[in-house]
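This report covers burial, fold, core and confidence for the chain shown below.

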Amino acid sequence: MSCVDYKNRLPEVLFGPEKAPAALRLHIEQCSDCREELSALRSTVTLLNDWHAPEPTAYFDTRMAARLREERSAPSMGLFERMRARMLFGDRMGWRPLLVSTLALLVLVGGGTYADLMHQWHHAPQAQASATILDLQSLDRNAQVFEQMDALLQDDGSGNGSNSSAAALNP
Ligand SMILES: [Zn+2]
């Protein structure tokens, strides 16, 4: 093992000297570099042990509760704001399934549009007259997909109350 390997295992000596492997302890005895590293690590840990986290001010709870009430009564966010909030604060709210379903929908929409284009391209002579109608039909289908997406999002939001917590976290 090299010095780097030994240095990576210095915490073992620091937190459990009696359990540390003999080879590691022997190396530290013989290598001044590793000994210095160990003493630096020890003083850092000592400092951290002496450090006390500052107490929150007396009004913290009151202000936090007021802020939460404020956010709860705020007007509900639109689809893209909600998605943005989920992206930013999403870890606890499980946005990954949402993202996956959104991407799946986009692939479906994209694939559908592509198939539609291919269809139109193959039947160009007949389709020419009704191109506008086809466009309108395509728009209608896309609108339906977006409606379904919105409904999915709303179901998700009301199910676990994540909407309000996302709003509370949004500065
Ligand atoms: Zn060493």
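## Burial and contacts

In this predicted model, 8% of the 171 residues of the chain count as buried. Among contacts with a separation of 6 or more, 64% join residues 24 or more positions apart.

## Secondary structure

The chain contains 10 helices and 0 strands. Its pattern along the sequence reads α-α-α-α-α-α-α-α-α-α.

Helix 4 covers residues 32–50 and has 19 residues. At 1.5 Å a residue, and counting one less than the number of residues, the expected span is 27 Å; the end C-alpha atoms are 27 Å apart, so the model agrees with the expectation. Of these 19 residues, the number buried is 1, and helix 4 therefore lies largely in the open.

## Nonpolar core

The largest nonpolar core has 5 residues: Tyr6, Leu10, Val13, Ile28 and Cys34. In soluble globular proteins, nonpolar side chains tend to be buried together.

Which residues is Cys34 in contact with, leaving aside neighbours within four places in sequence? The partners of Cys34 are Cys3, Tyr6, Lys7, His27 and Ile28. Of these partners, Tyr6 and Ile28 also belong to the largest nonpolar core.

## Confidence

The average pLDDT of the chain is 77, and 73% of the residues score at least 70. Over residues 161–168, pLDDT stays under 50. For that stretch, the model has 14 contacts beyond four places in sequence.

Conventions: Residues are numbered from 1 along each chain as its sequence is written. This is a predicted model: local features need pLDDT of at least 70, side-chain atom pairs count only at pLDDT 80 or more; totals for chains, interfaces and linings use all residues. A nonpolar core is a set of buried Ala, Val, Leu, Ile, Met, Phe, Trp, Tyr and Cys residues joined through C-beta atoms within 7 Å. A residue is buried if 20 or more other C-beta atoms lie within 10 Å of its own, exposed if 12 or fewer, and partly exposed in between; C-beta atoms are placed from the backbone. Two residues are in contact if their C-beta atoms, placed from the backbone, lie within 7 Å. Helices (H or I, at least four residues) and strands (E, at least two) are DSSP runs, numbered from the N terminus. pLDDT is the predictor's confidence in each residue, from 0 to 100.
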